[in-house]
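This report covers a predicted model. Its topics are nonpolar packing, aromatic rings and backbone angles.

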Amino acid sequence: MAEMLRLENVSRRYKEGEGQLEVFRDLNMSLQAGEIVALVGQSGVGKSSLLHMAGLLEAPSGGEIYIGGVAASRLPEQERTRIRRDMIGFVYQAHHLLPEFDALENVVLPQMIAGKSRSEAAVEAKRLLTALGLGERLTHRPAQLSGGEQQRVAIARALANKPRILLADEPTGNLDPRTSGGVFDALLAITRAEGLAALIATHNFQLAARMDRSLVLQQGVLVDGADLAQPA
């Protein structure tokens with residue numbers, strides 16, 4: 001399998017008063033094509049910061065981020081933007097759909113921004129939304145969709161430009177347990193079908209156990225979650 005994402009000795013520090021707050025240090029991990037990995041940790045340990053760096057939204061304080069084998073974290077902004085657009089899809093806890101557009105249009109727009117024609121973009125948007133169980137809801141605006149349906153649209157939007165890496169930050173965190181399970185099933189199914197490398201942040205050990213492996217972020221370091229016991 002090809003390596004799609006690698007973090008090499010990555011550190012993140014923030015200025016705090018006259019000193020610095022170290023969020024994490026010397027993190028190392030890799031993500032292969034077709035692999036779904038859970039990033040587990042309590043709230044506030046830095047999962048979102050790690051995902052932002054992996055997605056080239058934040059620069060690490062030290063170390064390097066490799067995307068498809070390319071050292072990317074210190075490239076010019078224009079080049080990092082191109083890599084994000086072409087290589088990386090993001091799913092957040094909040095769906096951030098555009099309320100004035102229907103489901104199909106929300107998935108069409110990022111493709112048109114990337115240069116596709118409207119008709120070509122609509123074909124791909126319909127394919128993804130149908131695969132996610134929304135084939136009968138294409139013309140519904142976000143306010144007409146349930147929370148789970150809105151998040152499925154957000155997943156389709158993240159995949160619209162055929163990224164090779166999917167980064168998801170608590171993608172079912174705003175949903176009730178029953179809805180969460182259905183959305184997570186859909187996310188896993190389409191991620192595997194598309195052959196993506198996926199890093200999914202969660203504090204839910206049951207969801208983490210359904211992925212290929214897990215990494216645990218605790219006390220500023222990443223540890224293998226293979227032998228991690230679920231807390232009582």
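The text below takes the nonpolar cores, then the ring contacts, then the backbone.

The largest nonpolar core of this predicted model has 40 residues, and those with the most contacts inside it are V107, L129, V153, I155, L166 and I200. Several elements each supply at least two residues of this core, including strand 3 (36-40), helix 3 (103-113), helix 4 (118-131), helix 5 (147-159), helix 6 (177-194) and strand 8 (197-202). Another core lies apart from it; this one has 30 residues, among them M53, I88, L215 and L222. Leaving aside residues up to four places away in sequence, I155 touches V91, L132, V183, L187 and I190.

The count of aromatic pairs comes to 1. The planes of F90 and Y92 are at 0° and their ring centres 6.1 Å apart, so the pair is stacked. F90 is buried, at 19% relative accessible area, whereas Y92 is partly exposed, at 30%.

Two arginines lie over tyrosine rings, as tabulated.

| Charged residue | Ring | Distance from ring centre |
|---|---|---|
| R6 | Y66 | 4.2 Å |
| R12 | Y14 | 4.3 Å |

Most residues other than glycine have a negative phi. D26, which is not a glycine, has a positive phi of about 50°, and D26 lies in strand 2 (residues 19-32). Q219 is not a glycine either and has a positive phi of about 50°. Q219 belongs to the loop between strand 9 (213-218) and strand 10 (221-224). With a relative accessibility of 75%, Q219 counts as exposed.

Terms used:
Residues numbered from 1 in each chain as written. Predicted model: local features only at pLDDT ≥ 70, side-chain atom pairs only at ≥ 80, totals over all residues. Heavy atoms only, no water. Helix = DSSP H or I, 4+ residues; strand = E, 2+ residues; numbered from the N terminus. Buried < 20%, exposed > 50% of the residue type's maximum accessible area, 1.4 Å probe, protein only. Core = buried A, V, L, I, M, F, W, Y, C linked by side-chain atoms within 4.5 Å. Contact = heavy atoms within 4.5 Å. Phe/Tyr/Trp six-rings, centres within 6.5 Å; stacked < 30°, edge-to-face > 60°. Lys NZ or Arg CZ within 6 Å of the ring centre and 35° of its normal.
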